[in-house]
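User: I would like a close look at one part of this protein, a single sheet and whatever packs on it. Please then place that part in the rest of the chain.

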Amino acid sequence: MGIKQDMIDSIESQRDDGIRMLQALVRAASPNPPGETTAAAAVLANYLTSKGIHHKLISPKQGQPNIVSEFEGGSGPGPRVVLNGHMDVFPVDLSAGGWQRDPWSGDIADGRIHGRGVVDMKSGTASMVIAYQHLYEQRKHLKGTVALCMVSDEETGGAWGTRYLLQEDKARWGGDVMLTAEPTGRTIRFSEKGTLRLTATVRTKGGHGAYPNLSKGAIRTAASFLSEVTEAVTSMEVDTLPDIARHLTDPEVLKAVDRAMGEGTSTIIARPTVNVGTIRGGVKVNVIPELCTFELDIRLPIGLTAEEVLELIHALAQNHTKATIEIEKQDAASNPSSYSTISHPIIGHLAHNAKQVIPDYPATLIPSMGATDCKHYRYAGIPAYAYGCSPFSMAAVNESASISEFVQVTKVLAGAVCDFLA
């Protein structure tokens with residue numbers, strides 16, 4: 001307890017130093033696309049250097065470096081913990097208006113730090129680097145090893161970031177368990193829904209808009225088809241694993257889901273969902289369109305596969321005999337669901353430290369809706385868990401993150417790893 005308390009006290013005493021580093025990280029613009037993270041990587045590299053921590057850059061793609069570091073504990077063999085975070089962020093659309101500050105300002109106001117990507121996930125990335133620093137300083141008291149992987153390319157799939165590192169050296173950069181500080185609303189996340197991205201093309205007979213009796217047209221056909229798909233997919237049976245199914249019937253778990261991700265999320269957390277992301281068709285208002293294309297973003301809970309959903313959608317398409325409906329899967333943007341055991345000891349350490357740091361805000365174990373680099377670890381058979389700040393305002397105009405949550409997350413992560421390796 002003394003070692004960990006010393007570490008927590010040190011994090012608090014160096015609070016301003018950490019905030020300045022986070023500000024600099026936010027100001028180092030790293031939108032993806034295009035994915036350039038050189039400036040952001042320099043901020044983190046300079047911070048590690050200032051703390052006397054050896055690190056190196058692995059850059060499989062120019063302009064998208066990955067910062068890696070590792071140390072061995074001085075108390076004998078033990079598990080290997082990997083701390084993983086990403087430096088790239090969502091892009092900014094200034095044409096939409098509404099930004100009250102420069103999106104890369106790093107301004108501090110009302111206890112919050114402002115700027116694109118501070119929620120997803122520069123606050124968490126900075127927390128992990130600082131936690132790693134303090135664990136490094138206490139390394140003689142720890143067993144096992146700790147690795148740090150601050151990566152590029154998370155927002156576009158991880159081919160040049162996490163996925164690359166795991167393919168090149170799974171033992172070194174995968175370890176025995178991975179932790180990340182993606183924005184989770186200070187809950188612990190053990191799973192993620194899968195994504196099934198589809199492009200559909202509807203072709204029908206066209207004609208003059210005064211004669212819809214002769215042809216329904218591509219857009220009306222697409223609208224009917226979309227309604228059928230949405231109803232059918234969201235009603236599909238899901239073969240959820242028994243222990244996870246039981247976990248998701250706990251009222252406290254469902255309450256935590258809504259608190260962390262928004263009212264009503266608990267009703268769809270274990271269900272498939274359908275979003276119509278784009279739709280295009282027609283050439284003139286008084287012409288029956290011959291062609292309509294649209295894109296679907298279908299989220300797959302644990303227990304439902306893309307193949308099952310595609311079989312259902314193709315069957316529905318065949319019912320439209322007066323139209324041709326072609327369905328194409330976007331392979332690069334589609335991934336199966338992923339999960340880690342809900343009984344790993346690191347979960348208890350995260351929950352215990354969260355209770356110590358934030359007594360009135362329990363760190364409940366829940367699934368995630370969106371995708372993170374955790375999936376690459378889980379696909380590789382490595383347990384992966386997330387604990388981070390509130391996700392609200394993520395990717396939105398005037399994105400901002402709580403400074404107090406930033407410090408709290410840092411303490412929880414450092415404390416949990418310390419307990420796990422003590």
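Analyst: What follows starts with one sheet and its helices, then moves out to the rest of the chain. The model is predicted.

The sheet is open and has four strands. Their order is 11-13-9-14, and the pairing is antiparallel. Strand 11 (273–281) and strand 14 (324–329) form the edges. Each of these two pairs on one side only. On average, neighbouring strands of the sheet are turned by 20° against each other, with direction ignored.

Take the pairing of strand 11 with strand 13 in detail. Strand 13 covers residues 291–300. The two strands run antiparallel and are joined by eight bridges. One residue pair helps to find the register: Arg280 has Thr293 in strand 13 as its bridge partner.

Now the helices. Helix 10 (residues 306–318) packs on the sheet. Helix 10 touches strand 9, strand 13 and strand 14. Its direction makes about 165° with that of strand 14. Helix 7 spans residues 218–234. Helix 7 lies across strand 9 (194–203), strand 11, strand 13 and strand 14. Against strand 13, helix 7 runs at about 10°.

Next, a second set of paired strands. Strand 7 covers residues 177–180. Strand 7 pairs with strand 3 (residues 80–86) in the parallel sense, over three bridges. Here Val82 stands opposite Met178. Strand 7 is also joined to strand 17 (residues 384–387) by three bridges, and these two strands run parallel. In that pairing, Leu179 has Tyr385 as its bridge partner. The side chains of strand 7 point two ways: Val177 and Leu179 go one way, Met178 and Thr180 the other. All four are buried.

Past strand 7 comes a backbone detail. Arg186 sits in the loop between strand 7 and strand 8 (188–192). Its phi is near 55°, a positive value in a residue other than glycine. Arg186 has a relative accessible area of 12%, so it counts as buried. Asp153 also has a positive phi without being a glycine, at about 70°. Asp153 lies in the loop between strand 6 (145–151) and helix 5 (162–168). With a relative accessible area of 5%, Asp153 is buried.

Two cis peptide bonds deserve a check on the screen. One runs from Pro33 to Pro34, with omega near 10°. Pro34 is in the loop between helix 2 (15–27) and helix 3. The other runs from Asp120 to Met121, with omega near -10°. Met121 belongs to helix 4 (residues 118–137).

Helix 3 itself covers residues 38–50 and contains Ala39. Ala39 has a relative accessibility of 42%, so it counts as partly exposed. Its C-alpha atom is 9.9 Å from that of Gln64, a residue 25 positions away along the chain.

What about the cysteines? A search of the whole structure finds zero disulfides. For Cys389, the nearest cysteine sulfur is that of Cys374, 14 Å away. A disulfide would need the sulfur atoms within 2.5 Å, so this pair does not qualify. Cys389 is buried, with a relative accessible area of 2%. Cys418 is buried as well, at 4%.

Finally, the whole chain. Its secondary structure comes to 13 helices and 18 strands. The radius of gyration is 23 Å, close to the 22 Å that the globule rule gives for 422 residues, so the chain is as compact as a globular protein of that length. Along the principal axes, the C-alpha trace spans about 80 × 45 × 40 Å. Of the 422 residues, 55% count as buried. The accessible surface comes to about 17,900 Å², and carbon and sulfur atoms hold 52% of that. Contacts with a separation of 6 or more were also sorted by distance along the chain. Residues 24 or more positions apart account for 83% of these contacts.

How values were computed
Residues numbered from 1 in each chain as written. Heavy atoms only, no water. Pairing = 2+ DSSP bridges. Axes fitted to C-alpha atoms, helices over the stretch in contact; angles between N-to-C directions. Contact = heavy atoms within 4.5 Å. Rg over C-alpha atoms; globule rule 2.2 N^0.38 Å. Buried < 20%, exposed > 50% of the residue type's maximum accessible area, 1.4 Å probe, protein only. Areas by Shrake-Rupley, 256 points an atom, 1.4 Å probe, with all protein chains shown as cover.
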